[in-house]
Amino acid sequence: MDISTKNAEAPPPLSLPTEAEQQRAARGATRPGDRIFLGLSRGSGIFLLVIMAAIAVFLSYRSVLAISKDETSFLTTFEWNPTAAEPSFGIAVLVYGTVISSIIAMVVAVPIAVGIALFITHYAPRRLGGTIAYVIDLLAAVPSIVYGLWGALVLVPHMSGLYGWLDDYFGWTGILDWQGGAPRSLFTVGILLAIMILPIITNVSREVFRQAPLMHQEAALALGATRWEVIRMSVLPFGRSGVISASMLGLGRALGETMAVATVLSPSFEINASLLDPGGGTFAQNIASKFSEASEMGRDALIASGLVLFVITLLVNGAARLIIARRAEYSGANA
């Protein structure tokens with residue numbers, strides 16, 4: 001047999017399937033359970049978007065009805081009287097109270113929560129750390145009204161000493177000047193909100209710190225780093241995005257907290273220079289206290305304020321996502 005005969009009898013070379021053929025084969029090989037799960041998950045995502053859009057449309061429609069009848073500026077008026085012959089209501093006091101109380105809560109809660117999370121994961125013995133984590137989990141499940149009652153009956157009566165100390169040493173600033181009234185101010189609200197959001201931030205931060213690469217920590221220890229240096233150079237950079245996410249979860253609860261704020265705060269539609277003076281208000285507290293006795297016009301006005309809180313929450317979450325996206329490449333999340 002000559003060479004030409006051998007070449008004629010050789011099988012043709014195998015041709016690789018094209019990308020389109022591979023995709024068709026993959027779709028055909030998908031199990032029915034996978035297709036069902038894909039449909040359910042996709043439908044759930046679409047359903048969530050529909051709910052958010054429906055909420056936004058409802059709030060916007062009712063808000064337009066109210067704001068169109070407002071005889072003053074909705075953004076700058078220091079008054080809430082939507083049932084008057086000439087309706088007059090604004091959100092200036094509510095924006096100030098909501099933002100200030102949430103900032104106070106975050107300034108107090110975030111450092112403490114991060115410290116507790118680091119203590120549980122890197123310092124405490126396993127049995128003690130587990131006990132502390134269990135207690136924190138229980139605190140996260142306590143209803144808001146219980147925090148509110150505790151704040152009114154325990155926290156408020158014991159804030160006078162702190163108020164006096166702040167007035168003695170920082171009263172000259174005007175921001176922490178105390179005239180001796182009842183400590184039912186935005187500062188007390190911020191402290192109570194900090195206690196409420198502390199378990200949320202601690203739990204999420206703890207789980208993030210537990211995921212820090214053990215190899216990085218052991219390498220730092222092998223190079224002679226102390227435990228704090230290991231945390232500063234390895235654990236905290238890895239968990240930065242997670243801590244930001246945990247803080248935003250806590251901030252979301254602080255912005256929308258209702259019953260605890262309504263129980264502790266002595267509301268009034270005025271903005272005081274000092275954070276220790278009674279008065280002020282928040283969106284959620286104002287809606288909860290006025291909705292049951294409000295007329296149709298009053299309800300529309302409250303819904304308009306709820307739309308502003310809705311927008312503020314979306315902006316906060318969007319800003320958090322941008323921060324996390326910018327810092328993700330510098331954290332250890334991609335390691």
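**Helices, burial and one cavity**

Trainee: Let's start with leucine 198, which sits in helix α8. What makes a stretch count as a helix or a strand here?

Mentor: Both are DSSP runs, numbered from the N terminus: H or I over at least four residues for a helix, E over at least two for a strand. By that rule the protein has 13 helices and two strands. Before we go on, remember this is a predicted model, where local features need pLDDT of at least 70 and side-chain atom pairs pLDDT 80 or more, while totals for chains, interfaces and linings use all residues. Numbering runs from 1 along each chain as its sequence is written, and side-chain values use heavy atoms, with hydrogens and water left out.

Trainee: Why is leucine 198 called partly exposed?

Mentor: Buried means under 20% relative accessible area and exposed means over 50%, with partly exposed in between (1.4 Å probe, protein chains only). Leucine 198 has 21%, so partly exposed is the label.

Trainee: Which residues does leucine 198 contact, and what counts as a contact?

Mentor: Contact means heavy atoms within 4.5 Å. Leaving aside neighbours within four places in sequence, leucine 198 contacts Ala109, Ile112, Ala113 and Ile116. Its C-alpha is 5.5 Å from that of alanine 109, although the two are 89 residues apart along the chain.

Trainee: Those partners step by three or four. What is behind that kind of spacing in an α-helix?

Mentor: An α-helix has 3.6 residues a turn, so residues three or four places apart point the same way.

Trainee: How do you know how enclosed α8 is?

Mentor: Count the burial labels: 19 of the 25 residues of α8 are buried, so the helix is largely enclosed by the rest of the structure. Across the 335 residues of the protein, 39% count as buried.

Trainee: And what makes you say α8 has a kink?

Mentor: The bend at a residue is the angle between axes fitted to the seven residues ending there and the seven starting there. At isoleucine 197 that comes to about 40°, shortly before proline 199. End to end, α8 (residues 186-210) still reaches 35 Å, close to the expected 36 Å.

Trainee: Where does an expected span come from?

Mentor: Take 1.5 Å times one less than the number of residues. Now try α10 (residues 227-256): with 30 residues a straight helix would reach 44 Å, but the end C-alpha atoms are only 38 Å apart. There is a kink of about 55° in α10, centred on arginine 240.

Trainee: Why is serine 102 called buried?

Mentor: Its relative accessible area is 2%, which is under the cut-off, so buried it is. Serine 102 lies in helix α4 (residues 92-123) and touches Leu251, Ala254 and Leu255, not counting residues up to four places away in sequence.

Trainee: What about glycine 90, buried or exposed?

Mentor: Buried, with a relative accessible area of 0%. Glycine 90 is in the loop between β2 (88-89) and α4. Its contacts beyond four places in sequence include Trp80 and Phe269.

Trainee: Which contacts does asparagine 286 make?

Mentor: Trp80, Leu94, Phe269 and Leu302, again leaving aside neighbours within four places. Asparagine 286 belongs to helix α12 (residues 283-290) and is buried at 2% relative accessibility.

Trainee: What makes an empty space a cavity?

Mentor: On a 1 Å grid over the protein atoms alone, it is a set of points where a 1.4 Å probe fits but cannot get out; lining residues have an atom within 4 Å of a point. Points join across faces, edges and corners, and the volume is the space filled by probe spheres set on them. The search finds one cavity of 30 Å³ or more, and the largest has a volume of about 60 Å³.

Trainee: How is its lining classed?

Mentor: As four nonpolar, four polar and two charged residues. Nonpolar covers Ala, Val, Leu, Ile, Met, Phe, Trp, Tyr, Cys and Pro; charged covers Asp, Glu, Lys and Arg; the others, Gly among them, are polar. Among the lining residues are Tyr96, Leu186, Glu270 and Asp277.

Notes. On a 1 Å grid over the protein atoms alone, a cavity is a set of points where a 1.4 Å probe fits but cannot get out, and a pocket is an open set with protein on both sides within 12 Å along at least five of seven lines; lining residues have an atom within 4 Å of a point.
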